[in-house]
Amino acid sequence: MTRTRLALTLAFTFAITTLLDAQVNFNEQVIHSGDTSSYGIASGDFNNDGILDLVTINTSTLSFYKGVGGGKFADAVNQSITPNLGQAVAADFNRDGKLDLAVVPSRGTSGGINIFLGNGNGTFRQGAFIPVPGNFQFLTLADFNGDHLPDIAVSYSDSDDQSQGMQVYLGQGDGTFKLASTLSVGGWQVVSGDFNADGRQDLAVIPYNQLQVALYLGKGDGTFQNPLITNAPPGLAEWLGVGDFYNTRVQTLLGDVTYYNGNGTYTTEIFTLRYANGQLLAENDHVLTDGALGPLEESYGGDLDGDFIDDLFITSGYGGGFSVYALGNGNATFRGPYDVPYVGYLQLQSVVRDLNGDSRHDVATAYTDPFAQVSGADVLINTSAATNCPLPMGISLGGKGLAVNICAPYNGQVVGQTFTFEGSGSAFNGEAKRMELWIDGKKVVQNLDDQLKATVTLSRGNHTASFVVVDTFDEYAARTVNFTAQY
């Protein structure tokens, strides 16, 4: 690892634990929705008790699964909703301290964005409706104009590919949204992130039925530069995952594509996409699976084994009947894939997040078994990853809904010349997307996740360490400790 100097007296190295041969174990909890199909899933503290819950969007119902602690969830409590809704995302759209939902139609169904306003008890009421063209719609949440309010970008297309594009809506803070941009390239899945590390949120989208991926760099006011377009090897990109796959503390993209070989076999290939020197570069194209496995589709980034390197979780979006993960090497290559427990035949949306606060990242997926006509939430609680610092609890109470837990050092501690700092952060609105460590007013290191671990070389004397958590919409909170370094 490299070592750099800060003000001549402070150096750091980012701590990475290498677990080259370690695989991840999960305990599975399958919770039926009581409906026949589930198309979307979202996590959040929907009843304001400081414990994460789950919601699935089903054929004609919305299921609320109350978190009861320890990574366990109660049976579904259902309410009727508009039929045939799909992908769901959660945020506090009207600033009342209660999580809301934005939901688009299930794939192949026309409609628009339904806003469901949370009542703070796991139930929801119909809010605004935003009409959107097309029969295929995908959405993502971010703060596109710097006001710390949740905004929505939606990608849409017709099944005959005659109309496609994206629309960006800025949140007004009262549960309503205002159109800010209409973008010509769109159609399939859209994701958001800061892909050029300029502090502004960008968009990446897969055009419907085209052999491309397009990157829109954000201007910070809800508008975007002209798209950077790259061909996606080996051809049609099906899904994009977001993560720090190069281990550079900059968000990058990972795409996957599955094609049928004949004779009941499929091949899934993955490739990375990163912004560099004014271009969107497609790199590291390689086969992830090749054989009798069914089609893999939806990919999600996250640190599954606790080594502070982002990994990949992929589900079988259309009829594969299984899910896998691959462990990142920190250079946009991966080990695996490895099978995980699964249920159902279709798995259409997942969340990768620490669901029980033990510092390990878990997975929850909306599943459907069309043969048994059951659906719901398939929860995988991580039991074997390396641990760091438990999440702070009770994050939904007061303030911005952000909290920091510092595991090392404790206030007043005397440490040696080198010391490993450990902390974590939780967010009520969206997720904790970044942790930062500041020492004596200077930022030392950051990690694009809810955990931070850094080994720092210190000068002799008294110091102040501040741990900062930043949420999806760039709100932040900090916690500070004082300590002394002695040789």
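Biologist: In which order do the four strands of the open sheet that contains S3 and S30 run, and how do they pair?

Modeller: The order is S3-S32-S31-S30, and the pairing in this open sheet of four strands is antiparallel. The model is a predicted one. Strand S3 (26–32) and strand S30 (346–353) are the edge strands, each pairing on one side only. From one strand to the next, the twist averages 20°.

Biologist: Over how many bridges do strands S31 and S32 pair?

Modeller: Strand S31 (residues 362–369) and strand S32 (residues 374–382) are paired over seven bridges, in the antiparallel sense. As an example of register, Thr365 has Asp378 in S32 as its bridge partner.

Biologist: What is the strand order in the open sheet that contains S10 and S13?

Modeller: That open sheet of four strands follows the order S10-S11-S12-S13, with antiparallel pairing. Its edge strands, each of which pairs on one side only, are strand S10 (85–91) and strand S13 (124–132). The twist here averages 20° from one strand to the next. Within this sheet, strand S11 (residues 100–105) and strand S12 (residues 111–118) pair over three bridges in the antiparallel sense. Ala102 stands opposite Ile115 in S12.

Biologist: Let us turn to charged side chains. How many salt bridges does the model contain?

Modeller: A salt bridge is counted where a side-chain nitrogen of Lys or Arg is within 4 Å of a carboxyl oxygen of Asp or Glu. By this rule there are eight salt bridges. One of them joins Lys433 and Asp474, with an N to O distance of 2.9 Å.

Biologist: Which parts of the chain does the pair Lys433 and Asp474 tie together?

Modeller: Lys433 belongs to strand S36 (residues 432–439), while Asp474 is in the loop between strand S39 (461–471) and strand S40 (476–485), so the pair ties together parts that are 41 residues apart in sequence. Lys433 is partly exposed, at 23% relative accessibility. Asp474 is likewise partly exposed, at 21% relative accessibility.

Biologist: Are Glu436 and Lys443, which meet in a salt bridge, buried or partly exposed?

Modeller: The cut-off for a buried residue is a relative accessible area under 20%. Glu436 has 7% relative accessibility and therefore counts as buried. Lys443, at 38% relative accessibility, counts as partly exposed. The side chains of Glu436 and Lys443 meet at 3.7 Å, N to O. Salt bridges with shared partners join Arg434, Glu436 and Lys443 into one network.

Biologist: What is the distance between the closest N and O atoms in the salt bridge of Arg360 with Asp358?

Modeller: In that salt bridge, the closest N and O atoms of Arg360 and Asp358 are 4.0 Å apart. Asp358 is partly exposed, its relative accessible area being 23%.

Biologist: How should one read internal empty space, and how many cavities of 30 Å³ or more are there?

Modeller: The general idea is that rolling a probe the size of a water molecule over the atoms shows where empty space is left. In this model, the count is one cavity of 30 Å³ or more. The largest cavity has a volume of about 50 Å³.

Biologist: Which residues line the largest cavity, and how do they divide by class?

Modeller: The lining consists of Asp244, Arg249, Asp303, Phe308, Ile309, Asp310, Asn447, Leu448 and Asp449. By class, this lining has three nonpolar, one polar and five charged residues.

Biologist: Finally, the backbone. Which peptide bonds are cis, and where are Pro337 and Pro409 placed?

Modeller: In general, most residues other than glycine have a negative phi, and most peptide bonds are trans. Here, the bond from Gly336 to Pro337 is cis, with omega near 15°, and Pro337 is found in strand S29 (residues 334–339). Another cis peptide bond joins Ala408 and Pro409, with omega about 5°. Pro409 is placed in the loop between strand S33 (402–408) and strand S34 (414–415).

Biologist: What are the phi values of Asn48 and Ala332?

Modeller: Asn48, a residue other than glycine, has a positive phi near 55°. Asn48 is in the loop between strand S4 (38–44) and strand S5 (53–58), and counts as partly exposed at 24% relative accessibility. Ala332, also not a glycine, has a positive phi of about 70°. Ala332 is found in the loop between strand S28 (323–328) and S29, and at 0% relative accessibility Ala332 counts as buried.

Definitions and conventions
Residues are numbered from 1 along each chain as its sequence is written. This is a predicted model: local features need pLDDT of at least 70, side-chain atom pairs count only at pLDDT 80 or more; totals for chains, interfaces and linings use all residues. Side-chain values use heavy atoms; hydrogens and water are left out. Two strands pair if DSSP finds at least two bridges between them. Helices (H or I, at least four residues) and strands (E, at least two) are DSSP runs, numbered from the N terminus. Axes are lines fitted to C-alpha atoms, for helices over the stretch in contact, and angles run from 0 to 180 degrees between N-to-C directions. Buried means under 20% relative accessible area, exposed over 50%, partly exposed in between (1.4 Å probe, protein chains only). On a 1 Å grid over the protein atoms alone, a cavity is a set of points where a 1.4 Å probe fits but cannot get out, and a pocket is an open set with protein on both sides within 12 Å along at least five of seven lines; lining residues have an atom within 4 Å of a point. Grid points are joined across faces, edges and corners, and a volume is the space filled by probe spheres set on the points. Ala, Val, Leu, Ile, Met, Phe, Trp, Tyr, Cys and Pro count as nonpolar, Asp, Glu, Lys and Arg as charged, and the others, Gly among them, as polar.
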